[in-house]
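Biologist: Before we discuss this entry, could you place the structure before us? I should then like to put several questions on its pocket, one helix and its salt bridges.

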Amino acid sequence: MKLKYFLLFLSSSLFFSQQSFQTPFEKGNGNQTVTYAEMNSYYQDLAKNFNTIQYLKKGEDDNGKPIYVVIYNPFPEKDPAKLRENKAILLINNGIHPGEPDGIDATMMLMRDLATKKIKTPENFIIAAIAAYNVSGMLNRGSYSRANQNGPEQYGFRGNARNYDLNRDFIKADSKNARSFQEIYQWLKPDVFIDNHVSNGADYQYTFTYICTFKERLGKTLGEYFYNDYQAKNLDDLKKLGYESTPYVNIHGDIPDIGFAAFEDSPRYSTGYTSLFNSLGTVPETHMLKPYDKRVDATYKYMLVNLQNLDKDYKRIKELRRENLKQYQSGKAYGIRWKIDSTKFSTMNFKGYEGKYKPSEISGKPRLYYDRSKPFTKNIRLFTTAVPTGYITIPKYYVIPQAQYRVIEEFKRNGILMKPLQKDSTIAVESYKIKDFKTVKNPYEGHYLHYETTVDKSNGKNLFLAGDYIVPTQQDGVKYIIETLEPEALDSFFNWNFFDGILAQKEYFSAYIFEDTAAELLKKDAALKAAFDAKKSSDKTFAEDGVAQLDWVYKHSPYFEEKTFRQYPVYRIP
């Protein structure tokens, strides 16, 4: 009997050694990317042959097609909640922009090499990857939508089935894709996150560029470690494998002598979202003009060095993620808006090409081109430190009325702990009135986005009903709570139009009737009359505008009884 099992093992080992499990990319000419059907078939075959590979339906695209997560897990335990007690988790996202498919092909090879033990088995973590996030975009294949990109021959489209750019949807979660991502993320709670992309912009010598999640949004404790230790080691190891790198070059002309600043990945972006839960996040941006096979190789090798360094430093990362939360205690200041600090910088020798101008063959006007026969190395500054331009004080609790069910749904999906009131209760709270805001003139990702929002604050007692929610800030999702509920935050739910109902009056007056009422009010109320006269004296435009004067009296009278007008419907308990 023992001999029989030995022969079965031997024949199985011989089968795996002879079967290469080549990916469609590897079987092609180096300039072709896998299709959605080929990808699914490949991973299903891999999972069938290796018990360390799982291929799971874990979400849905806006077109109804499944989103799959592939997991390499060499441990007997398969439950992420139990694994994360002693192990780390790395999450990879691919194909958010399917015209940038490098990560899809690179991850297929990575998972195969792990399964076949071509790569050393991780001892301290598991790897999960969203095989292709924007499924509908991946299915919408063509050869011309990425006009500035060098291969592959065919690829997917940036927008999904509802034409959303999914890398602007992570906090507002309008798409099924984004809601699926949040569910996957909260299921795994990864320590490290990688979202594979391809760049646009200037031409330069590098194949591999990257965006580190915004240091201050990540938090000082974790941000300093990520920039100076973990990522520095990744990039050094990547250089040893043949790929020198530079931070993402978000510039379309000459690299200025002063250098360039870090990209602020606010929570609308993938790494901006994951930073709210203290994951170390990188967006690899391979260079669009480099050959496709080189871009795939660079993406593979960046993921590889992450595996090696996460295996070595997983305990420290998990410890620092816990330590990082101590910065966000109630009563402490929290930076709600940021700007780059121009006084703090590092330097690097940037390897570019000379930018020149020549007459356009189309217009005859001067046009930019990069002269690859004239490479240069230029010492430039990198500005990666930011300072807050506004603060809030972290409260002990927020109160969300049950009428704000969209917010409650978002919080539940994102694992935020909330407690419903058991009975009607009067509570001392801080509240906001929306003082001012601006709105974009054209729709942006399905919204007329607000910005530069300011509020007036007040204190008082409010009656809340049984079923309204109390949200404590002392929990892992504290930054998600603050960044969504504080109206002045860049990607707050207010700025994404969740509360636009409060921005319009519901009751008005008829001028021909209220004229007499207003006159009586001014006769009887000396303080109102004095304030009215002062306004006319100090504001010439107001003094010449009868409609504005009548409206002013109305809004300063008992008849303007709209407590909901511009009253922000989420409250704070200090």
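The exchange below concerns a predicted model.

Biologist: Which element gives the largest share of the lining of the largest pocket?

Modeller: The largest pocket has a volume of about 630 Å³, and 27 residues line it, with Tyr 210, Cys 212, Leu 235, Pro 247 and Leu 382 closest to its centre. Elements that give two or more residues to this lining include strand E7 (208-212), strand E8 (245-247) and strand E13 (366-383). The largest share, 7 residues, comes from H9.

Biologist: How many residues of that lining are nonpolar, and how many are polar or charged?

Modeller: The lining draws at least three residues from each of domain 1 (54-327) and domain 2 (346-386). Its residues divide into 16 nonpolar, 8 polar and 3 charged.

Biologist: What span should helix H3 have, given its 14 residues?

Modeller: Helix H3 covers residues 36-49. The expected span is 1.5 Å times one less than the number of residues. The end C-alpha atoms of H3 are 20 Å apart, which agrees with the expected span of 20 Å.

Biologist: Which residues of H3 are buried?

Modeller: An α-helix has 3.6 residues a turn, so residues three or four places apart point the same way. Buried here means under 20% relative accessible area. The residues of H3 that meet this cut-off are Tyr 36, Met 39, Asn 40, Tyr 42, Tyr 43, Leu 46 and Asn 49.

Biologist: Is Asp 62, the salt-bridge partner of Arg 162, buried or exposed?

Modeller: The closest N and O atoms of Arg 162 and Asp 62 are 3.5 Å apart. The pair links distant parts of the chain, with Arg 162 in the loop between helix H6 (135-139) and helix H7 (176-188) and Asp 62 in the loop between strand E1 (53-60) and strand E2 (66-72). Arg 162 is partly exposed because its relative accessible area is 46%. Asp 62 has a relative accessible area of 15%, and therefore counts as buried.

Biologist: How many residues apart are Arg 321 and Asp 191?

Modeller: These two residues form a salt bridge, with their closest N and O atoms 2.8 Å apart, and both Arg 321 and Asp 191 are buried. Arg 321 lies in helix H11 (residues 292-324), whereas Asp 191 lies in the loop between H7 and strand E5 (192-195). Their separation along the chain is 130 residues.

Biologist: Which residues are linked in a network of salt bridges?

Modeller: Side chains of opposite charge can pair when their charged atoms come close. The count of salt bridges in the model comes to 35. The network joins Glu 100, Arg 146, Arg 158, Asp 165 and Arg 168.

How values were computed
Residues numbered from 1 in each chain as written. Predicted model: local features only at pLDDT ≥ 70, side-chain atom pairs only at ≥ 80, totals over all residues. Heavy atoms only, no water. 1 Å grid on protein atoms, 1.4 Å probe; cavity = no way out; pocket = protein on both sides within 12 Å on 5 of 7 lines; lining within 4 Å. Points joined across faces, edges and corners; volume = space filled by probe spheres on them. Helix = DSSP H or I, 4+ residues; strand = E, 2+ residues; numbered from the N terminus. Nonpolar A, V, L, I, M, F, W, Y, C, P; charged D, E, K, R; others polar. Domains from an automatic or database assignment. Buried < 20%, exposed > 50% of the residue type's maximum accessible area, 1.4 Å probe, protein only. Salt bridge = Lys/Arg side-chain N within 4 Å of Asp/Glu carboxyl O.
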